[in-house]
Amino acid sequence: MMLGAGGAGLAAVLTACASYGSPTTEASAEPPAEEPAEEASSAAPKKKAASKGKALAATADIPEGGGKVFESQKIVVTQPTAGDFKAFTAVCTHAGCTVATVQNKTINCPCHGSKFSIEDGSVADGPAGAPLAEKKITVDGDSIRLA
């Protein structure tokens, strides 16, 4: 019986507290709801500007018939033929190692010797059984950016 009375008293206190703050909370809730909307709209142009900001590489950095591994971004960019740039994940599909070099028209993994084509990321020599996933890039003038 005492638990029932204590529970009823607690419910009354919580109800009083909840109703006491409600009008103030509702009135102050409207301005913050508008502010995030303004911030979101102003943040969108900043994101676009940031995505165009930093280039991954200059086109001159990628040799024709070869490529370059960007280890920190886990990306490899190749130029199979003049002016044709491709990008692939630098993570080998065999054991997850990062590929290390681009030589003789292949992207080479140092862990177990897998080789991938610079043209389409397909397996040129195993043990890898799956190609490197292609990554989207854009070439803007002499800059290569992740899309």
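Reader: What share of the contacts in the protein with a separation of 6 or more comes from residues 24 or more positions apart?

Author: This is a predicted model: local features need pLDDT of at least 70, side-chain atom pairs count only at pLDDT 80 or more, and totals for chains, interfaces and linings use all residues. Residues are numbered from 1 along each chain as its sequence is written, and side-chain values use heavy atoms, with hydrogens and water left out. A contact means heavy atoms within 4.5 Å. For contacts in the protein with a separation of 6 or more, the share from residues 24 or more positions apart is 38%.

Reader: How many strands does the secondary structure of the protein have?

Author: Helices (H or I, at least four residues) and strands (E, at least two) are DSSP runs, numbered from the N terminus. Along the sequence the pattern is α-β-β-β-β-β-β-β-β-β-β. Next to one helix, the number of strands is 10.

Reader: Which strands stand at the edges of the open sheet β2-β3-β4?

Author: Three strands make up this open sheet in the order β2-β3-β4, with antiparallel pairing (two strands pair if DSSP finds at least two bridges between them). An edge strand has a single partner, so one of its sides is left without a neighbour in the sheet; this holds for β2 and β4.

Reader: Which residue in the turn between β2 and β3 has a positive phi?

Author: Strand β3 covers residues 75-81 and pairs with β2 over five bridges in the antiparallel sense, with K68 opposite V77 in β3. The two strands form a hairpin with four residues between them. The turn residue with a positive phi, about 60°, is K74.

Reader: Why is β2 described as largely enclosed, and how many of its five residues are buried?

Author: Buried means under 20% relative accessible area, exposed over 50% and partly exposed in between (1.4 Å probe, protein chains only). Of the 147 residues of the protein, 27% count as buried. Strand β2 (residues 66-70) is largely enclosed by the rest of the structure because, of its five residues, the number buried is four.

Reader: How many residues are in the second, separate core?

Author: A nonpolar core is a set of buried Ala, Val, Leu, Ile, Met, Phe, Trp, Tyr and Cys residues joined through side-chain atoms within 4.5 Å. The largest has 14 residues, of which V69, V76, V99, V102, I107 and F116 touch the most other members. The second core is separate and includes I75, V77, A87 and I137; its number of residues is 10.

Reader: How far apart in space are I144 and L56, C-alpha to C-alpha?

Author: I144 sits in strand β10 (residues 143-146) and counts as buried because its relative accessibility is 0%. Beyond four places in sequence, I144 touches residues including L56, V77 and I137. I144 and L56 are 88 residues apart in sequence, yet their C-alpha distance in space is 5.6 Å.

Reader: Which residue has its backbone nitrogen 3.3 Å from a polar atom of the T89 side chain?

Author: T89 belongs to strand β4 (residues 84-89) and is buried, with a relative accessible area of 13%. Not counting residues up to four places away in sequence, T89 touches K74, V76, L132, A133 and K135. The backbone nitrogen lying 3.3 Å from a polar atom of the T89 side chain is that of V91.

Key. A polar contact is a pair of N or O atoms within 3.5 Å; within protein, one must be able to donate a hydrogen and the other to accept it, and residues adjacent in sequence count only if both atoms are side-chain atoms.
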